[in-house]
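Colleague: I've just opened this one and would like some help reading it. Could you walk me through it, feature by feature?

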Amino acid sequence: MVMNALLDLLYPRLCVVCGTRLHEGEQHLCLHCLQHLPRTQYHREESQPMEQLFRGKTEAAFAIAFFTTSPRSEYRNVLHYIKYHDGKECARYLGRLYAEELSASGLLQEIDLLVPVPLHRSRLRRRGYNQSEWIARGIADATGIPVDTTSLLRQKANPSQTRLSLYERWLNTRSIFALREGCDLRGRRLLLVDDIVTTGATLLACAETLQAAAPEKIAFLTLSIAR
Ligand SMILES: [Zn+2]
């Protein structure tokens with residue numbers, strides 16, 4: 001206890017959204033920011049708006065995101081933090097939290113394998129971890145669904161897409177992913193997990209690659225959706 005208090009004095013734990021000091025019992029986000037997290041509640045809606053990104057392109061069992069982020073939203077800090085500031089545990093915490101909030105919907109009971117969107121080897125080495133994998137681990141903590149980090153591979157590093165047109169992005173993301181030889185996903189119910197969805201091109205490219213392994217179905221879950 002004394003040790004914790006001392007550590008907190010030397011290295012105060014801060015809210016990843018607003019930067020205020022965390023109180024005892026708060027983790028990563030302060031209570032205020034957690035309460036005001038702009039939750040999408042897609043899982044409560046008859047037609048999930050995120051599915052529109054994939055309509056006509058792939059058959060998604062469901063497509064849901066925990067919260068929305070707009071360009072000026074402070075909640076963008078969360079995504080930056082989990083990606084660039086060794087925010088593994090924060091990613092895991094939010095994955096677990098979302099899975100817990102989803103428990104009444106029954107959506108995750110339709111899933112038997114979590115597949116995080118993979119990073120390219122070189123980026124994984126540089127960053128040291130894959131934030132999407134840690135989100136998936138959080139979901140696994142809450143549900144017991146295993147995480148598969150070996151079947152889906154990223155064979156090309158993904159260059160920045162921000163200046164490309166929608167069509168160019170689509171071309172760019174095709175053939176980025178591949179299946180590991182001998183992987184067995186036949187008849188499995190997969191949940192693809194990523195940190196954020198913008199156009200959906202990355203998730204779509206993953207899904208198209210996974211389809212070749214004949215899973216029973218594929219669903220999408222992200223922490224955030226850009227709005
Ligand atoms: Zn806060």
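Colleague: Let's start with the big layout. How far apart are the centres of domain 1 and domain 2?

Modeller: Keep in mind that this is a predicted model. The chain is split into domain 1, residues 1-36, and domain 2, residues 37-226. Taken over C-alpha atoms, their centres lie 28 Å apart.

Colleague: And how many residues of each domain are in contact with the other?

Modeller: On the domain 1 side there are 10, and they are in contact with 14 residues of domain 2. Together the two domains bury about 1,000 Å², and carbon and sulfur atoms give 61% of that area. Within domain 1, the residues that lose the most area to domain 2 are Val16, Val17 and Leu34, which together make up 48% of what that side buries.

Colleague: What about charges and polar groups? How many salt bridges cross the interface of domain 1 and domain 2?

Modeller: The rule finds 0 salt bridges there. Polar contacts are another matter: 6 residue pairs make them across that interface, with both residues at pLDDT 80 or more.

Colleague: On to helices. How do I check the length of one, say α4, against what its residues should span?

Modeller: Multiply out the rise: at 1.5 Å a residue, the 15 residues of α4 (88-102) should span 21 Å. The C-alpha atoms at its two ends are 21 Å apart, so the model agrees with the expectation.

Colleague: Which residues of α4 are buried?

Modeller: First the general idea: an α-helix has 3.6 residues a turn, so residues three or four places apart point the same way. In α4, the buried ones are Cys90, Ala91, Tyr93, Leu94, Gly95, Leu97, Tyr98, Ala99 and Leu102. They pack against several elements, including α3 (76-84), α6 (131-143) and β6 (217-226).

Colleague: Is α8 mostly covered or mostly open?

Modeller: Mostly covered: of the 11 residues in α8 (201-211), 9 are buried. Among them are Leu203, Leu204, Cys206 and Leu210.

Colleague: Let me try a single residue. Does glutamate 133 count as buried or exposed?

Modeller: Compare its relative accessibility with the cut-off: buried means under 20%. Glutamate 133 has 17%, so it counts as buried. This residue sits in helix α6, and its side chain makes a polar contact with the side chain of arginine 137 at 2.6 Å. Leaving out residues up to four places away in sequence, glutamate 133 touches Pro116 and Thr149.

Colleague: Now salt bridges. How many does a search of the whole structure find?

Modeller: It finds 7. One of them joins glutamate 101 and arginine 39, with the closest N and O atoms 2.9 Å apart. That pair links distant parts of the chain, 62 residues apart: glutamate 101 is in helix α4, and arginine 39 is in the loop between α2 and β1. Glutamate 101 counts as partly exposed at 29% relative accessibility, and arginine 39 counts as partly exposed at 25%.

Colleague: Where in the chain do arginine 189 and aspartate 112 sit?

Modeller: Their side chains meet in a salt bridge, 3.1 Å from N to O. Arginine 189 is in strand β5 (189-197), while aspartate 112 is in the loop between α4 and β2, 77 residues apart. Salt bridges with shared partners also bring in Arg188, joining Asp112, Arg188 and Arg189 into one network.

Colleague: And lysine 88, which partner does its side chain meet in a salt bridge?

Modeller: Aspartate 86, at 2.8 Å from N to O. With 23% relative accessibility, lysine 88 counts as partly exposed.

Definitions and conventions
Residues are numbered from 1 along each chain as its sequence is written. This is a predicted model: local features need pLDDT of at least 70, side-chain atom pairs count only at pLDDT 80 or more; totals for chains, interfaces and linings use all residues. Side-chain values use heavy atoms; hydrogens and water are left out. Helices (H or I, at least four residues) and strands (E, at least two) are DSSP runs, numbered from the N terminus. The expected span of a helix is 1.5 Å times one less than its number of residues. Buried means under 20% relative accessible area, exposed over 50%, partly exposed in between (1.4 Å probe, protein chains only). Contact means heavy atoms within 4.5 Å. Domain bounds come from an automatic or database domain assignment. Buried area is the accessible area (1.4 Å probe) that two parts lose on being put together, summed over both. A salt bridge is a side-chain nitrogen of Lys or Arg within 4 Å of a carboxyl oxygen of Asp or Glu. A polar contact is a pair of N or O atoms within 3.5 Å; within protein, one must be able to donate a hydrogen and the other to accept it, and residues adjacent in sequence count only if both atoms are side-chain atoms.
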